[in-house]
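Work through the following exercises with the sequence and the 3D structure open. Each task is followed by a solution in steps.

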Amino acid sequence: MMERQTILRLKKLCSTCVTGIYGCQWKKYPPRPNKKKERIWILVLSCAFGISAFWFYCWWALRNDYDNLNGHLFEKTHRWLDWSVILLILTAFIFSYLLLLMILALCHFALGLLLYLHWINKVAILILVLLILLLMIVIGIMWKEEWDTIILSLQVTAPFLHIGAVVGVTSVAWFVIDQFFQSKRRHLIQPGPISQTSRNPKEIKRIIWLNQTVFQIVLPMFYLGVVIILYLIPCAISSPCIIKRENLAPRPIMMGHRGAPMLAPENTLMSFEETVKCEASAFETDVRISYDGVPFLMHDSTFERTTDVAEVFPKKIRNNVSNFTWTEIQKLNAGKWFLKKDPYSTVRTLSEESQINASKQHVCSLAELLDLAARKKKNVLFDLRPPTDPCHPYLNNSHAIVLETILGSPIHHNQILWQPDNKTVTPKDFQKITGKKLDPETLHKENIRTINIRYSGISFSEIRNYAANNISTNLYVVNERWLFSTLWCARVNSVTTNACHIFKNMNEPIWHINPGAYLAIWIITDLVSFLLIVSIYFIHRSRYMKIQDEPQSYQPELLAETEVKMKEDSEDTIL
């Protein structure tokens, strides 16, 4: 008896907490809600949770390009903030909040409580969904190439998402099957007399028919459809990491993107020296021409983000970098910003000596980089960004100046990865590289052996086709382990990266699995799920059969519950 009272008190406490948080119903006898509207709101909540889960996954997949987002927003706002972290925290909060509401809604079903979502939660759901949709639209317009990244990530995570989805639908089997048999049970027991003034017989029949249709036909059929689709969806999964170990290619060669910008200020001599320590095979950088014709390394069109130009030349903060003379450029410090802004949250991992060295960095010239590459025997790949000012003295001969600098340096010609411009005559020893997806025949004709393209701009089948025709592929910019592992499994030759210090320690992809092993996991997962769902069905069926066989008086609590629910349904209709 004491145990029964303890269980009842515990159930009452749980019910109070669940209804209190979900609907702010802390009273002993809360007002009865409109069940039709609440069923609509549970559908809205489910959709909102699905949208937030998708957006949370998207934002995780976009981690590889957070630096691009921060740089793009800096160009618009001229103020440095780690927007990626802010948006990640916001996304995690939205997902957690809607997940909590979903759990509370399921608890209502489990405890047999009437759903009532407070208006504050309703407004919050609508606002959060609109916010997510707004962010999706902004990404779609300003950062549309990232949708390709999300599609690519699905090829990697699909096997894990499949298992998670199967676990999810299996876990809700108890609630779905319980609702199915509860619906049958309500019509098995005839309720006691209810005053005629409180119900309309035709309306009661309509409610009964609707109840039977929803819980005995629509819900089970929808659930079974989802289960069957999830059981068979691995047939459509194609992941490059489902591969035999003996077919795994060597680790892709690495090119340091602006050096090693996670360990040192980008495009500085220190950054490229760190790239050498990371065992990268090449330096990747951006070359611009000063007003007096000196090629130097700088990605941005202004010095605002990566130097102290605001202190040295406060009236020229947003002037184009090509409008500065080399003498002026040498006065700028290109390292203090790195320690102050900490763009990759890595400064704390650097030694005191490295931090002091970083604070003393200056803007690096192309000649300095070529000298380092010659000594360390590293290849050099660069994007030449010609002056945009029509009055610039070297507007039309940027390539010639760069070529002259290369020929005057000690670097060997075959260490230069040159992107042809169809104007400048270059030595034959230069390795030609292109950023266009040309057909193999055209590439061979133009003596181009490597294509350099964004990782989401090429399919795995195209990579295999180029490899079959002895064309190498270099993909940029790859910063996350999952992406590096995927490209490794896809047999990519090389990648341009900010994270060479991380990838150099990877001896194999973070995951790859033999096709036979994956097939076994797929079958076992589906089989276990199927057996659990069938077991849950028979448990509920046995309880239902027991009620059906026993006299009605044996179930006084169920009878009372049924009368109350019938009365509530009829009164909802009248209201």
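**Exercise 1: a strand and its partners**

In β3, Ile289 has Pro295 as its bridge partner. The model is predicted, so local features need pLDDT of at least 70 and side-chain atom pairs count only at pLDDT 80 or more, while totals for chains, interfaces and linings use all residues. Residues are numbered from 1 along each chain as its sequence is written, and side-chain values use heavy atoms, with hydrogens and water left out.

Task: state which strands pair with β2, and in which sense.

Solution.
- Step 1. Fix the terms: helices (H or I, at least four residues) and strands (E, at least two) are DSSP runs, numbered from the N terminus. Two strands pair if DSSP finds at least two bridges between them.
- Step 2. Take the antiparallel partner: β3 (residues 295-297) is joined to β2 by three bridges. Five residues lie between the strands in this hairpin, and Gly293 there has a positive phi near 85 degrees.
- Step 3. Take β1 (residues 253-257), which runs parallel to β2 over three bridges. Here His257 is bridged to Glu284 of β2.
- Step 4. Take β4, also parallel to β2, with six bridges. Thr285 stands opposite Phe382 of β4.

**Exercise 2: the two faces of β2**

Task: sort the residues of β2 by the way they point, and decide whether they are buried or exposed.

Solution.
- Step 1. Set the cut-offs: buried means under 20% relative accessible area, exposed over 50%, and partly exposed in between (1.4 Å probe, protein chains only).
- Step 2. Ala282, Glu284, Asp286 and Arg288 point one way, and Phe283, Thr285, Val287 and Ile289 point the other way.
- Step 3. Residues on both sides are buried. Because eight of the eight residues of β2 are buried, the strand is largely enclosed by the rest of the structure.
- Step 4. For the chain as a whole, 46% of its 575 residues count as buried.

**Exercise 3: the second largest pocket**

Task: describe the second largest pocket by its volume, its lining and the elements that supply the lining.

Solution.
- Step 1. Define the object: on a 1 Å grid over the protein atoms alone, a pocket is an open set of points where a 1.4 Å probe fits, with protein on both sides within 12 Å along at least five of seven lines. Lining residues have an atom within 4 Å of a point. Grid points are joined across faces, edges and corners, and a volume is the space filled by probe spheres set on the points.
- Step 2. The volume is about 690 Å³. The lining has 29 residues, of which Asn68, His257, Arg258, His299 and Val477 are the closest to the centre.
- Step 3. At least two lining residues come from each of α3 (66-77), β2 (282-289), β4 (379-384) and β7 (450-454). The largest share, six residues, belongs to α3.
- Step 4. By class, the lining has 13 charged residues (Asp, Glu, Lys and Arg), seven nonpolar ones (Ala, Val, Leu, Ile, Met, Phe, Trp, Tyr, Cys and Pro) and nine polar ones (the others, Gly among them).
- Step 5. Check the backbone at Val477, in the loop between β8 (472-476) and α18 (481-489). The peptide bond from Tyr476 to Val477 is cis, with omega near -25 degrees.

**Exercise 4: two buried polar side chains**

Task: find which backbone atoms the side chains of Asn70 and Gln415 reach.

Solution.
- Step 1. Define the polar contact: a pair of N or O atoms within 3.5 Å, where within protein one must be able to donate a hydrogen and the other to accept it, and residues adjacent in sequence count only if both atoms are side-chain atoms. Contact in general means heavy atoms within 4.5 Å.
- Step 2. Asn70 is in α3 and is buried, at 3% relative accessible area. Its side chain reaches the backbone nitrogen of Trp83 at 3.0 Å and that of Ser84 at 3.3 Å.
- Step 3. Gln415 sits in the loop between α15 (398-407) and β5 (416-418), and is buried at 11% relative accessibility. The side chain of Gln415 reaches the backbone oxygen of Ala373 at 3.3 Å.
- Step 4. Not counting neighbours up to four places away in sequence, Asn70 also touches residues including Trp80, Leu81 and Asp82.
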